[in-house]
Amino acid sequence: MTALSVNVNKIAVLRNSRGGDEPSVLRAAACAIDAGAHGITVHPRPDQRHIRPDDVDALADLCRQRDVEYNIEGNPFAPARGEYPGLMELIRRTRPAQATLVPDGDGQITSDHGFDLAADAGRLAPYVAQLKQWGVRVSVFMDAGTTDLAAAKALGIDRIELYTGPYAEAFAAGDAAEALAHCRHTAQQAQALGIGVNAGHDLSQANLATFLAGVPDVLEVSIGHALIGEALYDGLDATMRNYLAICRGA
Ligand SMILES: CC(=O)[C@@H](O)[C@H](O)COP(=O)(O)O
Ligand SMILES: NCC(=O)COP(=O)(O)O
(Lines give C-alpha, C1' and ligand atoms only; values in the text may rest on other atoms or scores of the structure.)
(Ligands and ions follow the chains in the order given, each with its own letter.)
Protein backbone atom coordinates (compact mmCIF):
# COMPACT_ATOMS: atom_id res chain seq x y z
CA MET A 1 0.00 0.00 0.00
CA THR A 2 1.20 3.51 -0.78
CA ALA A 3 1.60 5.50 2.45
CA LEU A 4 -0.44 8.69 2.80
CA SER A 5 1.27 11.64 4.49
CA VAL A 6 -1.12 14.50 5.13
CA ASN A 7 0.29 17.97 4.56
CA VAL A 8 -1.19 20.36 7.13
CA ASN A 9 0.16 23.63 5.71
CA LYS A 10 -3.33 24.75 4.71
CA ILE A 11 -4.64 24.47 8.27
CA ALA A 12 -1.93 26.94 9.27
CA VAL A 13 -2.95 29.27 6.42
CA LEU A 14 -6.44 29.51 7.93
CA ARG A 15 -5.15 29.92 11.45
CA ASN A 16 -2.67 32.63 10.50
CA SER A 17 -5.34 34.60 8.67
CA ARG A 18 -6.83 35.60 12.04
CA GLY A 19 -4.01 35.10 14.52
CA GLY A 20 -4.75 32.96 17.58
CA ASP A 21 -4.73 29.18 17.54
CA GLU A 22 -7.80 28.17 15.56
CA PRO A 23 -8.04 26.07 13.57
CA SER A 24 -5.37 24.12 15.41
CA VAL A 25 -2.69 22.56 13.24
CA LEU A 26 -1.96 20.05 15.96
CA ARG A 27 -5.60 19.01 16.32
CA ALA A 28 -6.04 18.66 12.57
CA ALA A 29 -2.91 16.50 12.38
CA ALA A 30 -4.17 14.37 15.27
CA CYS A 31 -7.54 13.94 13.49
CA ALA A 32 -5.75 12.88 10.31
CA ILE A 33 -3.71 10.35 12.29
CA ASP A 34 -6.88 9.09 14.04
CA ALA A 35 -8.38 8.60 10.58
CA GLY A 36 -5.42 6.49 9.46
CA ALA A 37 -2.80 8.86 8.03
CA HIS A 38 0.58 7.16 7.86
CA GLY A 39 2.39 10.42 8.30
CA ILE A 40 2.27 14.18 8.57
CA THR A 41 4.04 16.55 6.19
CA VAL A 42 4.89 20.22 6.63
CA HIS A 43 6.67 22.62 4.34
CA PRO A 44 7.77 25.54 6.52
CA ARG A 45 8.78 28.53 4.46
CA PRO A 46 11.08 31.42 5.44
CA ASP A 47 8.19 33.91 5.28
CA GLN A 48 6.20 31.76 7.74
CA ARG A 49 3.08 32.20 5.64
CA HIS A 50 1.72 29.00 7.17
CA ILE A 51 3.74 26.52 9.23
CA ARG A 52 5.84 28.20 11.92
CA PRO A 53 8.82 26.81 13.79
CA ASP A 54 6.68 26.14 16.89
CA ASP A 55 4.33 24.05 14.71
CA VAL A 56 7.29 22.06 13.43
CA ASP A 57 8.35 21.30 17.01
CA ALA A 58 4.84 20.43 18.26
CA LEU A 59 4.10 18.18 15.29
CA ALA A 60 7.38 16.34 15.83
CA ASP A 61 6.25 15.48 19.36
CA LEU A 62 2.82 14.40 18.10
CA CYS A 63 4.25 12.16 15.39
CA ARG A 64 6.63 10.60 17.86
CA GLN A 65 3.84 9.96 20.38
CA ARG A 66 1.54 8.52 17.72
CA ASP A 67 4.32 6.60 15.97
CA VAL A 68 3.67 7.98 12.51
CA GLU A 69 6.18 9.30 10.02
CA TYR A 70 7.08 12.98 10.08
CA ASN A 71 8.21 14.56 6.81
CA ILE A 72 9.63 18.07 6.70
CA GLU A 73 10.02 19.70 3.30
CA GLY A 74 11.99 22.73 2.30
CA ASN A 75 15.01 24.33 0.74
CA PRO A 76 18.20 23.62 2.70
CA PHE A 77 19.91 26.61 1.05
CA ALA A 78 17.39 29.17 2.34
CA PRO A 79 19.14 30.94 5.23
CA ALA A 80 17.72 31.62 8.69
CA ARG A 81 15.59 34.73 8.60
CA GLY A 82 14.16 36.45 11.67
CA GLU A 83 12.16 33.87 13.61
CA TYR A 84 12.72 31.28 10.88
CA PRO A 85 15.82 29.30 11.85
CA GLY A 86 16.32 27.54 8.52
CA LEU A 87 15.37 24.05 7.38
CA MET A 88 18.46 22.31 8.69
CA GLU A 89 18.07 23.73 12.20
CA LEU A 90 14.40 22.67 12.26
CA ILE A 91 15.45 19.17 11.25
CA ARG A 92 18.37 19.07 13.67
CA ARG A 93 16.11 19.73 16.61
CA THR A 94 13.12 17.60 15.58
CA ARG A 95 14.76 14.65 13.78
CA PRO A 96 11.87 13.76 11.46
CA ALA A 97 11.77 10.37 9.75
CA GLN A 98 12.19 12.08 6.37
CA ALA A 99 13.41 15.35 4.93
CA THR A 100 12.27 16.28 1.43
CA LEU A 101 14.58 18.82 -0.18
CA VAL A 102 12.75 21.24 -2.49
CA PRO A 103 14.44 24.03 -4.47
CA ASP A 104 11.84 26.73 -3.82
CA GLY A 105 12.75 30.40 -3.90
CA ASP A 106 11.32 32.65 -1.19
CA GLY A 107 8.80 34.35 -3.45
CA GLN A 108 7.17 31.25 -4.88
CA ILE A 109 3.45 30.82 -4.26
CA THR A 110 4.04 27.09 -4.10
CA SER A 111 6.51 24.48 -5.32
CA ASP A 112 6.71 24.38 -9.10
CA HIS A 113 9.86 22.47 -10.07
CA GLY A 114 12.31 19.86 -8.88
CA PHE A 115 16.05 20.08 -8.30
CA ASP A 116 18.46 20.34 -11.20
CA LEU A 117 21.19 18.06 -9.90
CA ALA A 118 23.54 18.90 -12.76
CA ALA A 119 23.74 22.36 -11.17
CA ASP A 120 23.08 21.60 -7.50
CA ALA A 121 24.44 18.13 -6.59
CA GLY A 122 27.71 19.54 -5.29
CA ARG A 123 25.97 22.09 -3.09
CA LEU A 124 23.48 19.51 -1.84
CA ALA A 125 26.06 16.87 -0.92
CA PRO A 126 27.04 18.22 2.54
CA TYR A 127 23.37 18.67 3.49
CA VAL A 128 22.53 15.13 2.43
CA ALA A 129 25.50 13.82 4.43
CA GLN A 130 24.43 15.78 7.51
CA LEU A 131 20.83 14.57 7.29
CA LYS A 132 21.94 10.98 6.97
CA GLN A 133 24.27 11.40 9.93
CA TRP A 134 21.23 12.53 11.94
CA GLY A 135 19.42 9.37 10.84
CA VAL A 136 16.94 11.25 8.64
CA ARG A 137 15.82 9.66 5.38
CA VAL A 138 16.53 11.99 2.45
CA SER A 139 14.16 12.56 -0.43
CA VAL A 140 14.74 15.10 -3.20
CA PHE A 141 11.94 16.77 -5.15
CA MET A 142 12.47 16.07 -8.85
CA ASP A 143 10.68 16.61 -12.12
CA ALA A 144 9.31 13.73 -14.13
CA GLY A 145 11.58 13.35 -17.13
CA THR A 146 14.70 14.40 -15.23
CA THR A 147 17.97 13.12 -16.62
CA ASP A 148 19.66 13.47 -13.22
CA LEU A 149 18.96 10.08 -11.65
CA ALA A 150 22.56 8.87 -11.85
CA ALA A 151 23.56 12.05 -10.03
CA ALA A 152 20.82 11.36 -7.47
CA LYS A 153 22.25 7.89 -6.93
CA ALA A 154 25.77 9.30 -6.55
CA LEU A 155 24.44 11.79 -4.00
CA GLY A 156 23.29 8.87 -1.89
CA ILE A 157 19.69 9.97 -1.45
CA ASP A 158 17.12 7.41 -0.37
CA ARG A 159 14.14 8.60 -2.38
CA ILE A 160 12.97 11.08 -4.92
CA GLU A 161 9.64 12.85 -4.67
CA LEU A 162 8.19 13.14 -8.15
CA TYR A 163 6.72 16.60 -8.72
CA THR A 164 3.20 15.74 -9.87
CA GLY A 165 1.96 19.26 -10.65
CA PRO A 166 2.25 18.82 -14.45
CA TYR A 167 0.50 15.45 -14.23
CA ALA A 168 -2.37 16.99 -12.21
CA GLU A 169 -2.68 19.82 -14.72
CA ALA A 170 -2.77 17.41 -17.67
CA PHE A 171 -5.32 15.24 -15.88
CA ALA A 172 -7.57 18.25 -15.30
CA ALA A 173 -7.27 19.08 -19.00
CA GLY A 174 -8.42 15.56 -19.85
CA ASP A 175 -5.20 14.20 -21.32
CA ALA A 176 -2.81 12.83 -18.73
CA ALA A 177 -1.33 9.96 -20.76
CA GLU A 178 1.94 11.66 -21.68
CA ALA A 179 2.52 13.23 -18.26
CA LEU A 180 1.77 9.91 -16.61
CA ALA A 181 4.20 8.12 -18.92
CA HIS A 182 6.93 10.60 -17.93
CA CYS A 183 6.23 9.93 -14.26
CA ARG A 184 6.26 6.16 -14.80
CA HIS A 185 9.50 6.24 -16.76
CA THR A 186 11.29 8.38 -14.18
CA ALA A 187 9.98 6.28 -11.31
CA GLN A 188 11.13 3.06 -12.98
CA GLN A 189 14.57 4.52 -13.67
CA ALA A 190 14.90 5.57 -10.04
CA GLN A 191 13.68 2.21 -8.78
CA ALA A 192 16.17 0.40 -11.04
CA LEU A 193 18.93 2.37 -9.29
CA GLY A 194 17.59 1.40 -5.87
CA ILE A 195 16.08 4.82 -5.17
CA GLY A 196 12.58 4.80 -3.63
CA VAL A 197 9.83 6.91 -5.18
CA ASN A 198 7.47 9.31 -3.40
CA ALA A 199 5.12 11.67 -5.18
CA GLY A 200 3.29 14.88 -4.46
CA HIS A 201 1.81 18.18 -5.51
CA ASP A 202 -1.78 18.76 -6.52
CA LEU A 203 -2.72 15.14 -6.11
CA SER A 204 -6.42 14.77 -5.34
CA GLN A 205 -9.23 12.24 -5.05
CA ALA A 206 -9.89 12.84 -8.74
CA ASN A 207 -6.41 12.12 -10.06
CA LEU A 208 -4.72 9.87 -7.45
CA ALA A 209 -6.09 6.49 -8.50
CA THR A 210 -5.01 6.98 -12.12
CA PHE A 211 -1.60 8.13 -10.93
CA LEU A 212 -1.02 5.13 -8.67
CA ALA A 213 -2.31 2.71 -11.29
CA GLY A 214 0.07 4.23 -13.85
CA VAL A 215 3.19 4.58 -11.71
CA PRO A 216 4.09 1.34 -9.95
CA ASP A 217 5.42 1.01 -6.42
CA VAL A 218 5.06 4.59 -5.21
CA LEU A 219 6.07 4.39 -1.57
CA GLU A 220 4.38 7.55 -0.31
CA VAL A 221 2.19 10.39 -1.46
CA SER A 222 2.03 13.66 0.47
CA ILE A 223 -1.20 15.53 -0.07
CA GLY A 224 -2.44 18.78 1.42
CA HIS A 225 -4.16 21.37 -0.73
CA ALA A 226 -6.84 19.17 -2.29
CA LEU A 227 -7.32 16.95 0.75
CA ILE A 228 -7.91 19.82 3.16
CA GLY A 229 -10.19 21.51 0.62
CA GLU A 230 -12.24 18.35 0.10
CA ALA A 231 -12.48 17.87 3.85
CA LEU A 232 -14.41 21.17 4.03
CA TYR A 233 -17.26 19.46 2.20
CA ASP A 234 -17.08 15.90 3.49
CA GLY A 235 -15.23 16.12 6.80
CA LEU A 236 -11.66 15.04 7.43
CA ASP A 237 -12.54 11.52 8.52
CA ALA A 238 -14.59 10.67 5.43
CA THR A 239 -12.04 12.36 3.16
CA MET A 240 -9.23 10.36 4.72
CA ARG A 241 -11.19 7.14 4.23
CA ASN A 242 -11.54 7.92 0.54
CA TYR A 243 -7.83 8.65 0.12
CA LEU A 244 -6.79 5.56 2.05
CA ALA A 245 -9.02 3.39 -0.13
CA ILE A 246 -7.30 4.82 -3.20
CA CYS A 247 -3.87 4.25 -1.65
CA ARG A 248 -4.84 0.63 -0.96
CA GLY A 249 -5.87 0.26 -4.58
CA ALA A 250 -9.43 -0.52 -3.50
C1 LIG B 1 6.85 20.15 -2.33
C2 LIG B 1 5.41 20.31 -2.56
O3 LIG B 1 4.92 20.07 -3.62
C4 LIG B 1 4.54 20.76 -1.46
O5 LIG B 1 5.21 20.95 -0.29
C6 LIG B 1 3.83 22.00 -1.75
O7 LIG B 1 4.70 22.90 -2.29
C8 LIG B 1 3.14 22.54 -0.53
O9 LIG B 1 3.62 23.77 -0.16
P10 LIG B 1 2.59 24.97 0.02
O11 LIG B 1 1.51 24.45 0.92
O12 LIG B 1 3.38 26.06 0.63
O13 LIG B 1 2.05 25.29 -1.34
N1 LIG C 1 4.94 17.19 -1.20
C2 LIG C 1 3.65 17.59 -1.63
C3 LIG C 1 2.84 18.01 -0.48
O4 LIG C 1 3.23 17.89 0.64
C5 LIG C 1 1.48 18.52 -0.68
O6 LIG C 1 1.30 19.20 -1.88
P7 LIG C 1 -0.19 19.72 -2.17
O8 LIG C 1 -1.12 18.53 -2.07
O9 LIG C 1 -0.51 20.73 -1.13
O10 LIG C 1 -0.12 20.27 -3.56
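At which residues does UniProt place the feature "binding site"?

## Annotated positions

In this predicted model, the UniProt record, an unreviewed entry, gives the feature "binding site" to Arg45, His50 and Thr110. These three positions span 66 residues in sequence, yet no two of their C-alpha atoms are more than 11.7 Å apart, so they gather at one spot.

Two of these residues can be described further. Arg45 sits in the loop between β2 (39-42) and α3 (53-66), and because 24 other C-beta atoms lie within 10 Å, Arg45 is buried. Thr110 belongs to the loop between β4 (98-101) and α5 (117-133), and Thr110 is partly exposed, with 13 other C-beta atoms within 10 Å.

## Surroundings of the ligands

Arg45 and Thr110 also appear among the residues around ligand 1, where they are listed together with Asn7, Asn9, His43, Glu73, Val102, Ser111, Phe141, Gly200, His201 and Gly224. Sorted by class, this shell holds two nonpolar, eight polar and two charged residues.

Around ligand 2 there are 14 residues, of which Asn7, Gly200, Ser222, Gly224 and His225 come nearest. The elements that contribute two or more residues to this shell are β8 (220-223) and α10 (225-234). By class, the shell around ligand 2 consists of three nonpolar, eight polar and three charged residues.

## Strand β3 and its neighbours

Strand β3, which covers residues 69-74, is mostly covered, since five of its six residues are buried. On one pairing, β2 and β3 run in the parallel sense over four bridges, and Thr41 stands opposite Asn71 in β3. The chain passes from β2 through α3 to β3, and this β-α-β crossover is right-handed.

Strand β3 also runs parallel to β4, to which four bridges join it, and here Ile72 stands opposite Ala99 in β4. Together with helix α4 (residues 87-94), the strands β3 and β4 form a β-α-β unit that is right-handed.

## Helix α7

Further along the chain, helix α7 (residues 165-172) has several buried residues, namely Gly165, Pro166, Tyr167, Ala168 and Phe171. The elements that cover these buried residues include β6 (159-163), α8 (177-192) and α9 (208-214). Just after α7, Gly174 adopts a positive phi of about 90 degrees.

Definitions and conventions: Residues are numbered from 1 along each chain as its sequence is written. Chains are lettered from A and ligands numbered from 1 in the order in which they are written. This is a predicted model: local features need pLDDT of at least 70, side-chain atom pairs count only at pLDDT 80 or more; totals for chains, interfaces and linings use all residues. A residue is buried if 20 or more other C-beta atoms lie within 10 Å of its own, exposed if 12 or fewer, and partly exposed in between; C-beta atoms are placed from the backbone. Two residues are in contact if their C-beta atoms, placed from the backbone, lie within 7 Å. A residue is near a molecule or strand if its C-beta atom, placed from the backbone, lies within 6 Å of it. Ala, Val, Leu, Ile, Met, Phe, Trp, Tyr, Cys and Pro count as nonpolar, Asp, Glu, Lys and Arg as charged, and the others, Gly among them, as polar. UniProt positions are given in the numbering used here, feature names are shortened, and annotations may be inferred rather than shown by experiment. Two strands pair if DSSP finds at least two bridges between them. A crossover is right-handed if, with the strands pointing away from the viewer, the path from the first strand over the helix to the second runs clockwise.
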